[in-house]
Amino acid sequence: MTLRIDITGLPAERLRFAASPLAELTAMLHVLAEPGHHPRLAGWAGEVWSGLRPELAERLREAEFLWRSSRADFLVPARPRQTLAEELDDVDRIDDETYVAAALTTTCGSNRVHFAAPSPLSDATARERALDLAQARGALQEAFAERLLADPAAVRARVRHTLEQCAEAFFDAAWARVSVRLATDLRLKNDLLKRQGIGAALSSVSGAVTLASDGDCIIVDKLQDNATAAHGTGVTFIPSDFGRPHLVVIHAPGWQPVVQYPVAEPSPSEPVPLETVTLRLEALAHPVRMRLLRTLARGPHTTGELAHAWELSPPEVSRHLAVLRRAGLLTTRRRGRYVHYTLNLPEMTTLGTDLLAAVLR
């Protein structure tokens, strides 16, 4: 499973390495929403939550779909600026249809859902489809989608204000600490790009990012097979201290390709009994079960959603989920008539950082 970014004829200078305050804030918000993905940052997340004003904590929960299981495209900018305010100004310049489409893709929780044309802001059928998908995700998602479609300007202003409040509450202090580390990484990457070329620079980003043998394509090990092109736009690489182990790639139609990669060191894994490891590795040996697990790493999904995402029959998905449950790699929760399956991150972590990173990419 790979994402291919076509860079045929792309000058080396159109491959850009730059730090982004907004992208790093988004990575921090993901940590706060999914601390289980980031064991080394659990203490930081606990301290931040305990110090948040109740109003801001509620705002983060009501909009967490923009950064929890995946990132809304407009939160990982292709043209990073020096300050968060400048990047938020750039977000404000995005038209409503583009903003809403990106927000709904994350809110509705499917990597196969795209809201391009017709727009749910103007087409009743597209609107109902978006609301149905959001409803299946939960009451908070449905309420957020309803507000977004009813008054996008108000929701956009509220999201911006929330991010500005985050800057005061925790981001500014954290950014002052990590920006030096990010600047050091950027010097290394840009030096490699200048002296040794694109291949060397990509190899330093991640073992999951490589240059094709013909030099015309960047290959990224990701959740699903997909392709995009960087002709006329270039590719932006953004380092992240809070992002490990995630490798975030923006590649939707209409958006310039962006890769946010981690620079932090991994945490050591703890050993588990051999019998347990054997049971879990046998469960993961089937490629379909690995695909399902990587999807579930993005957030809770129903059997029907998994079947739709991977074009499988619900009975086939159920059989694979049963194997993963017996291995202790999944948990379940019933919400009305829906049963949601979730990756058991603590148990997955015991299998090792390489496997965890592969699943969470």
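Hi everyone, let's start right inside the protein, at strand β8, which covers residues 258-262. All five of its five residues are buried, so the strand is largely enclosed by the rest of the structure. Keep in mind as we go that this is a predicted model.

What about the two faces of β8? Here is a handy thing to remember: side chains in a regular strand alternate between the two faces of the sheet. On one side of β8 we find Val258, Gln260 and Pro262, and on the other Val259 and Tyr261, and both faces are covered, with each of these residues buried.

Which strands pair with β8? Strand β6, residues 235-240, runs parallel to β8 and is joined to it by five bridges. If you want a place to look, find Pro239, which stands opposite Tyr261 of β8. Strand β7, residues 248-250, runs antiparallel to β8, with three bridges between them. There, Val249 has Val259 of β8 as its bridge partner.

Now let me add a helix to this picture. Asp185 sits in helix α8, which spans residues 152-196. Is Asp185 buried or exposed? Its relative accessible area is 12%, and the cut-off for buried is under 20%, so Asp185 counts as buried. And what does Asp185 touch, once we set aside neighbours within four places in sequence? The answer is Pro239, Tyr261 and Val263. You have met two of those names already: Pro239 and Tyr261 are the residues standing opposite each other in the β6 and β8 pairing.

Let's move on to helix α12, residues 303-310. Six of its eight residues are buried, so this helix, too, is largely enclosed by the rest of the structure. The buried ones are Thr303, Glu305, Leu306, Ala307, Ala309 and Trp310. A general point helps when you look at a list like that: an α-helix has 3.6 residues a turn, so residues three or four places apart point the same way.

What do the buried residues of α12 pack against? They pack against three helices and a strand: α6 (124-137), α11 (287-296), α13 (314-326) and β10 (338-343). Just past the end of α12 there is a detail to spot, as Glu311 takes a positive phi of about 55°.

One of those packing partners, α6, holds our next residue, Ala126. With 12% relative accessibility, Ala126 counts as buried. Leaving out residues up to four places away in sequence, Ala126 touches Pro118, Ser119 and Pro120. For a sense of distance, take Ala126 and Val155: they are 29 residues apart in sequence, and their C-alpha atoms are 19 Å apart in space.

Finally, let's step back to the whole protein. Its secondary structure comes to 15 helices and ten strands. The radius of gyration is 20 Å, close to the 21 Å from the globule rule for 361 residues, so the protein is as compact as a globular protein of that length. Its C-alpha atoms fill a box of roughly 50 × 50 × 45 Å along the principal axes.

How much of the protein is buried? Of the 361 residues, 52% are. Among contacts between residues at least 6 apart in sequence, 69% join residues at least 24 apart. The accessible surface is about 16300 Å², and carbon and sulfur atoms account for 52% of that. As for charge, there are 41 positive and 43 negative side chains, and the centres of the two sets lie 3 Å apart.

Thanks for listening!

Key. Residues are numbered from 1 along each chain as its sequence is written. This is a predicted model: local features need pLDDT of at least 70, side-chain atom pairs count only at pLDDT 80 or more; totals for chains, interfaces and linings use all residues. Side-chain values use heavy atoms; hydrogens and water are left out. Helices (H or I, at least four residues) and strands (E, at least two) are DSSP runs, numbered from the N terminus. The radius of gyration is taken over C-alpha atoms; the globule rule is 2.2 Å times the number of residues to the power 0.38. Buried means under 20% relative accessible area, exposed over 50%, partly exposed in between (1.4 Å probe, protein chains only). Contact means heavy atoms within 4.5 Å. Accessible areas come from the Shrake-Rupley method with a 1.4 Å probe; for residues, only the protein chains shown count as cover. Lys and Arg count as positive and Asp and Glu as negative; His and the chain ends are not counted. The place of a charge is taken as NZ of Lys, CZ of Arg, CG of Asp or CD of Glu. Two strands pair if DSSP finds at least two bridges between them.
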